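Subject: Handing over the structure

Hello,

I am passing this structure on to you, and I hope you enjoy looking through it. Please open it first and keep it beside you while you read my notes.

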Amino acid sequence: MHAATGEPVVRVSTDEKANAAHIRASIDIAASPAVVWAVLTDCKRMPRIMPNVESCRIVKHDSAGKWEIREHVINWAALMPKIRTIVRNTYDVGRRLVFKRIGGDMRISEGEWKLEPTANALGTRLSYNALVAPDFPVPQFMIKQAIHTDMPNLLLAIQRASVEDAAKN
């Protein structure tokens with residue numbers, strides 16, 4: 001799966017065994033992996049970048065910067081309750097962010113973000129691979145519909161913020 005010309009590519013399938021949505025997505029960004037990484041890991045910016053995220057709070061972190069525990073509050077849809085997620089992020093700084101649910105309202109929320117320099121070494125391919133499922137009943141079609149709306153918007157927001165930050169330097 002390749003994101004040509006900076007357009008997001010999003011694929012969603014159902015993992016029948018886990019009864020969860022499997023999301024694979026990517027986008028090419030005209031900024032270095034270091035710049036994209038800074039945007040991707042900035043908790044304070046998450047409510048402005050991530051669709052439907054009301055808040056992001058670092059609960060605990062490793063002083064060496066190898067991991068942190070974050071709490072997000074997500075207001076997903078008008079007729080749905082707010083979702084609180086608590087994840088442990090493990091960092092391979094500048095290259096890979098692995099996340100795994102450790103609490104909150106998701107039954108499954110685990111996966112990774114990968115950052116790779118593009119072939120011309122002038123940009124970054126940002127890839128996402130995850131399994132997600134709320135801890136309350138929601139029809140799969142609603143989950144897929146939300147992902148197909150939110151994931152491209154998230155990728156484009158990360159792209160926009162990264163390009164803006166790169167232009168400042």
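Below is what I found, going from the whole chain down to single residues.

One thing to keep in mind from the start: this is a predicted model.

**The chain as a whole**

The chain contains three helices and eight strands. If you walk along the sequence, these elements come in the order β-β-α-α-β-β-β-β-β-β-α. The radius of gyration is 15 Å, close to the 15 Å that the globule rule gives for 169 residues, so the chain is as compact as a globular protein of that length. To help you set the scale in your viewer, the C-alpha trace spans about 45 × 35 × 30 Å along its principal axes.

How much of the chain is covered? Of its 169 residues, 48% count as buried. The accessible surface comes to about 9100 Å², and carbon and sulfur atoms account for 54% of that surface. As for contacts, I looked at those between residues at least 6 apart in sequence: 49% of them join residues at least 24 apart. The chain also carries 23 positive and 18 negative charges, and the mean positions of these two sets are 3 Å apart.

**The disulfide**

Which residues does the disulfide join? The partners are Cys-43 and Cys-56, with an S to S distance of 2.0 Å. That distance is within the 2.5 Å cut-off, so the pair counts as a disulfide. The count for this structure comes to one disulfide. The angle about the S-S bond is -110 degrees, and the link of Cys-43 and Cys-56 is left-handed. The pair ties together distant parts of the chain: Cys-43 is in the loop between α1 (33–40) and α2 (46–49), while Cys-56 belongs to strand β3 (residues 53–61), and the two are 13 residues apart.

Buried or exposed? Cys-43 has a relative accessible area of 8%, so Cys-43 is buried. Cys-56 is buried too, because its relative accessible area is 16%.

**Helix α1**

Just before that loop you will find α1, which is mostly covered: six of its eight residues are buried. Those buried residues of α1 are Pro-33, Val-35, Val-36, Trp-37, Val-39 and Leu-40.

**Two asparagines to look at**

Most residues other than glycine have a negative phi. With that in mind, have a look at Asn-19, whose phi is near 50 degrees, a positive value. Asn-19 sits in the loop between β1 (9–15) and β2 (20–29). Its relative accessibility is 45%, so Asn-19 counts as partly exposed.

Asn-52 also has a positive phi, near 70 degrees. You can find Asn-52 in the loop between α2 and β3. With a relative accessibility of 29%, Asn-52 counts as partly exposed.

**Three residues and their neighbours**

For the contacts in this part, residues up to four places away in sequence are left out.

Start with Thr-118, in the loop between β7 (106–117) and β8 (124–134). Its relative accessibility is 16%, so Thr-118 counts as buried. What does Thr-118 touch? Its contacts are Asp-28, Gly-123, Thr-124 and Arg-125. Ser-63, on the other hand, is 55 residues from Thr-118 along the chain, and their C-alpha atoms are separated by 31 Å.

Next comes Pro-152, which is part of helix α3 (residues 140–168). Pro-152 is buried, at a relative accessible area of 18%. It touches Pro-8, Val-10 and Ile-147. Along the chain Pro-152 and Ser-26 are 126 residues apart, and 8.9 Å separates their C-alpha atoms.

Last is Ala-30, in the loop between β2 and α1. Is Ala-30 buried or exposed? At 59% relative accessibility, over the 50% cut-off, Ala-30 counts as exposed. Ala-30 makes contact with Leu-122, Gly-123 and Val-163. Gly-123 is also among the residues that Thr-118 touches. Ala-30 and Pro-117 are 87 residues apart along the chain, with 10.0 Å between their C-alpha atoms.

If you want a place to begin, try the link between Cys-43 and Cys-56, and then move on to α1 and its buried residues.

Best wishes

Methods:
Residues numbered from 1 in each chain as written. Predicted model: local features only at pLDDT ≥ 70, side-chain atom pairs only at ≥ 80, totals over all residues. Heavy atoms only, no water. Helix = DSSP H or I, 4+ residues; strand = E, 2+ residues; numbered from the N terminus. Buried < 20%, exposed > 50% of the residue type's maximum accessible area, 1.4 Å probe, protein only. Rg over C-alpha atoms; globule rule 2.2 N^0.38 Å. Contact = heavy atoms within 4.5 Å. Areas by Shrake-Rupley, 256 points an atom, 1.4 Å probe, with all protein chains shown as cover. Lys, Arg positive; Asp, Glu negative; His and termini not counted. Charge placed at Lys NZ, Arg CZ, Asp CG, Glu CD.
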